[in-house]
Amino acid sequence: MLFRLSRPMDIDPTGQTILDVAAMAASVRDTSGALHAAGVRSGDRLAVYKENHFDCLLLAAAAIRIGAIPVMLSGLLSPDSVRPLLQRVEPKLLVSNRRLLQEKGSDGSALTSFATRTLCLDGGVPDTLALADVLGGADPSPAPRGDDELMMLTHTSGTTGIPKLIMYTPAKLQGQMARLECRHLPPITFRRNDTVAMFLPYVHARSFTWLYSVLTLSPAKVLLMSENDPEVVGPLFRQHRPTVVEALPIDFLQMERLAKDNQGDAFSSVRMFVGNFDAMHWSTIRTFLNASRHRFPVWREGYGQSETGGLGMTVITRFRANKRRDQLPGPRKVGRPMPGFVQLKVVDPETFRPVPNGRPGIVLARTKARCVGYYQESDRWNEKVVGDWWNTGDIGVKTRTGALKLLDREVNYAPGASCLELEDVIVDRLPEEHDVALLPVPGSPPVSVVATPDGRLDRERWRKATDGLPELAEPIVIDFKEMPRTGTGKILREELRRRYLAGADHPGTGQWT
């Protein structure tokens, strides 16, 4: 099995772009030696805040190998979000790069002030270690964490404010979350002859469980992508012909034009597309399934949370995606719970008693993979724990067959409507490279924030896109690049509210966000 990188790793001065498992293991050993030379010891916290690439995973593995606790922070987090997280964990070492270290917070403070020492991977920042200063040291002895000891921290998406830090132990991450990923379930898992292309925030727990599945199921080739630029993706995909592509919604959105370029055939060999982290618009699903020349391509959509791992899954065929064009969709179906792993129920948000099938309520999940807490925020964790059940903060309905349909996050839910459903319909009717976020307001029509390629909106197109839908307020039009997003590409609706709806209440309580 070979791993091909879209660019060299920041921790590798040799500039390799092809790795096998032995080379990857050697890189982890070398990096653990470098971290040890930088002063990191067993039990210390190590913050990784750098440009997104596969080496984020190897940095975490190197830290865990010597008993340190990696704190994985997306390089897309704003400086003002990163600083309180660093204050919370007090890292012995911060690993970053020049661009991020040179950004100042609103208070003017430098990131280096929040860690005992800082390692700048590409150098050029005063009072920091350079990679050359610490590479080449002795290989320290492994010091693995116990099954129930804290092994790693990653953060939530932060759609409603400063992200929370989730506590993972080996028993939860490796013993439960990864165990489900490693099942051989054809045709929805990897085959030995697959070429797998992966676009991920490599600081996220999902990337760790994904790597376990790759090493277990052993596809022939893995393309590790650190960017979604069609100018980079197109040539690489035409050369290596992926058969499985997993990416974030924002990645698929950026590559949509490439999927419509029939001359390039970049996605012609794909048998399975995998979407995670957030709902994908039907127009995008349809575009990619139609770009494949496989006889029976599928789109695998996962439902889960960072705190729980996977909770449900649904598979969409090309026939279903194209048929959806001619229908007004109902609430988004996210599938059924994983048999033997997960249980889901829908309850009244006030009494927490189960509601009948078809009636909206809060979605609760029970899974052995549930993590052990939020770092130094036990009160926020306990608000979401209901005995053995976890409050997802989602509003959904269960069908008679046991499938779950999502309506909205509880904080944004207005009874009688589903903003997620309306967004699906509107984006499907608008031209490509348009995105929409609906902000419900109690007692008033939802406010539409429409992101377009040039910050302008054809009003006749908008009228046709919203024809037959419930009343909406006059749209607010912004440039696509101005749509605020999290490190995983989710729209920051709270930031949109702050910008355009100052003082407007939420329809929900927001108690479980």
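**Exercise 1. A charged residue in a loop**

Find where glutamate 410 sits in this predicted model, and decide whether glutamate 410 is buried or exposed.

*Solution.*
Step 1. Locate the residue. Glutamate 410 lies in the loop between β21 (404-409) and α13 (419-429).
Step 2. Check the burial. Glutamate 410 is buried.
Step 3. Look for a partner of opposite charge. The nearest such side chain is arginine 409, at 7.8 Å. A salt bridge needs a side-chain nitrogen within 4 Å of a carboxyl oxygen. Glutamate 410 has no salt bridge.
Step 4. List the surroundings. Leaving aside neighbours within four places in sequence, glutamate 410 is in contact with several residues, including Ile362, Asp394, Ile395, Thr509, Gln511 and Trp512.

**Exercise 2. Salt bridges**

State how many salt bridges the structure holds. Then work through the pairs of aspartate 139, glutamate 377 and arginine 459.

*Solution.*
Step 1. Take the total. The structure holds 24 salt bridges.
Step 2. Start with aspartate 139. Its partner is arginine 65, and the closest N and O atoms are 2.9 Å apart. Aspartate 139 is in the loop between α5 (131-134) and β8 (152-155), while arginine 65 belongs to helix α2 (residues 55-65), so the pair ties together parts that are 74 residues apart in sequence. With 43% relative accessibility, aspartate 139 is partly exposed.
Step 3. Move to glutamate 377. It forms a salt bridge with arginine 380, with the closest N and O atoms 3.0 Å apart. Glutamate 377 has a relative accessible area of 15%. The cut-off for buried is under 20%, so glutamate 377 counts as buried. Arginine 380, at 31%, is partly exposed.
Step 4. Finish with arginine 459. Its partner is glutamate 474, and here the closest N and O atoms are 2.6 Å apart. Arginine 459 is in helix α14 (residues 459-465), and glutamate 474 is in the loop between α14 and β24 (476-479). The two are 15 residues apart, and the pair links distant parts of the chain. Arginine 459 is partly exposed at 42%. Glutamate 474 is exposed at 58%.
Step 5. Look for shared partners. Arg7, Asp10, Lys50 and Asp55 are joined into one network by salt bridges that share partners.

**Exercise 3. Strand β12 and its neighbours**

Work out which way the residues of strand β12 point, and which strands pair with β12.

*Solution.*
Step 1. Recall the rule. In a regular strand, side chains alternate between the two faces of the sheet.
Step 2. Apply the rule to β12 (residues 244-247). Val244 and Glu246 point one way, and Val245 and Ala247 point the other way. All of them are buried.
Step 3. Find one partner strand. β10 (residues 195-199) pairs with β12 in the parallel sense over three bridges. Methionine 198 stands opposite glutamate 246.
Step 4. Find another. β13 (residues 272-275) pairs with β12 in the parallel sense over four bridges. Alanine 247 has glycine 275 as its bridge partner in β13.

**Exercise 4. A sheet of three strands**

Give the strand order of the open sheet that contains β22, β23 and β24, and explain why β22 and β24 each have a side without a neighbour in the sheet.

*Solution.*
Step 1. Read the order. The order is β22-β23-β24, with mixed pairing.
Step 2. Find the edges. β22 (435-441) and β24 each have a single partner strand, so one side of each is left without a neighbour in the sheet.
Step 3. Check the twist. On average, neighbouring strands of this sheet are turned by 20° against each other, direction ignored.
Step 4. Look at one pair. β23 (residues 444-452) and β24 run in the parallel sense over four bridges. Alanine 451 is matched with isoleucine 478 in β24.
Step 5. Add the helix. α15 (residues 493-500) packs on the sheet and touches β22, β23 and β24. The direction of α15 makes about 70° with that of β22.

**Exercise 5. Nonpolar cores**

Name the residues that touch the most other members of the largest nonpolar core.

*Solution.*
Step 1. This core has 78 residues, and Leu35, Phe54 and Trp210 touch the most other members.
Step 2. Helix α2 gives the most to this core, with eight residues.
Step 3. Examine tryptophan 210. Beyond its neighbours within four places in sequence, its contacts include Phe190, Val196, Met198, Leu224 and Glu246.
Step 4. Another core lies apart from this one. It has 26 residues, among them Phe199, Phe252, Leu258 and Leu289.

Methods:
Residues numbered from 1 in each chain as written. Predicted model: local features only at pLDDT ≥ 70, side-chain atom pairs only at ≥ 80, totals over all residues. Heavy atoms only, no water. Buried < 20%, exposed > 50% of the residue type's maximum accessible area, 1.4 Å probe, protein only. Pairing = 2+ DSSP bridges. Axes fitted to C-alpha atoms, helices over the stretch in contact; angles between N-to-C directions. Contact = heavy atoms within 4.5 Å. Core = buried A, V, L, I, M, F, W, Y, C linked by side-chain atoms within 4.5 Å. Lys, Arg positive; Asp, Glu negative; His and termini not counted.
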